[in-house]
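Please look through the structure shown here with an eye to how charged side chains pair across the fold. The explanation that follows takes several such pairs in turn.

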Amino acid sequence: MQYTIEGGNLPIAILELTEGESVATEAGAMSWMSPNMQMETKAGGMKRLLGRAFSGESLFENVYTAVGGKGLLAMASKFPGSIRAFHVRPGSSIVLQKRSFLARETGVNLSVFFQKSIGSGFFGGEGFIMEELRGEGLCFGEFDGSVIEYDLAEGQEIIVSTGCLAAMTATCSLSIQAVPGIKNALFGGESLFNTRVAGPGHIWLQSMPLPEFAAAIAPLLPQSGN
């Protein structure tokens, strides 16, 4: 598979598939495609259905296959931000925030990733359930705003504001950290808790989490009854 990601802050991933090659996408992800792309909607088994429901994804996904020659499939992000491609390899899985999965080669499996720390699940902003991509192949995720990447060495840590963790390799670990001081917590304008990410591993951070964007524009929107 060949691909390009275009469009700047309104990104679109354009995939070129060889004959017989398939890619699975989140339901409704297709923006345009060549006429020889054959689509099949699949749900998978009960375990997979439950996992997709818990992770906030659609219960179904579409599998597109190039038939009779090379095929083209384009997928746009649902929100201004970034699309990132990941190459998943055996023994090196990628963990994504909920609802960020866009597409995967069929050699990659999408499953649920449960937070090991109860505190991280309640207060870290990422929730108990994230998404894990395992196997071999390319996958694509969509994220809010710009994406900045860091490599964390063994024992190296970074403090991340609620909702800004977009993705990480599964070798990273999460915990929570309370904002120190009552005055800081009440008047600092930050969340009461932040997420502490520890290496070794690679992380992807997003600059504009959708809940924060929604909260920022909510006061500007017309109120019902006005």
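**Salt bridges between distant segments**

Arg196 is partly exposed in this predicted model, with a relative accessible area of 25%. Its salt-bridge partner is Glu157, and the closest N and O atoms of the two residues are 2.5 Å apart. Because Glu157 lies in strand S15 (residues 157–160) and Arg196 in strand S18 (residues 193–198), the pair ties together parts that are 39 residues apart in sequence. Glu157 is likewise partly exposed, at a relative accessible area of 43%.

The structure holds five salt bridges, and another of them joins the side chains of Lys78 and Glu142, with an N to O distance of 2.8 Å. Here Lys78 sits in the loop between strand S7 (71–76) and strand S8 (81–88), while Glu142 belongs to strand S13 (residues 137–144), so this contact links parts that are 64 residues apart in sequence. The two partners differ in their surroundings: Lys78 counts as exposed, at 56% relative accessibility, whereas Glu142 is buried, with a relative accessible area of 8%.

Strand S8 itself contributes Arg84 to a further salt bridge, in which the side chains of Glu149 and Arg84 meet at 3.5 Å, N to O. Since Glu149 is placed in strand S14 (residues 147–152), the pair ties together parts that are 65 residues apart in sequence. Both residues are partly exposed, Glu149 with a relative accessible area of 38% and Arg84 with one of 24%.

Methods: Residues are numbered from 1 along each chain as its sequence is written. This is a predicted model: local features need pLDDT of at least 70, side-chain atom pairs count only at pLDDT 80 or more; totals for chains, interfaces and linings use all residues. Side-chain values use heavy atoms; hydrogens and water are left out. A salt bridge is a side-chain nitrogen of Lys or Arg within 4 Å of a carboxyl oxygen of Asp or Glu. Helices (H or I, at least four residues) and strands (E, at least two) are DSSP runs, numbered from the N terminus. Buried means under 20% relative accessible area, exposed over 50%, partly exposed in between (1.4 Å probe, protein chains only).
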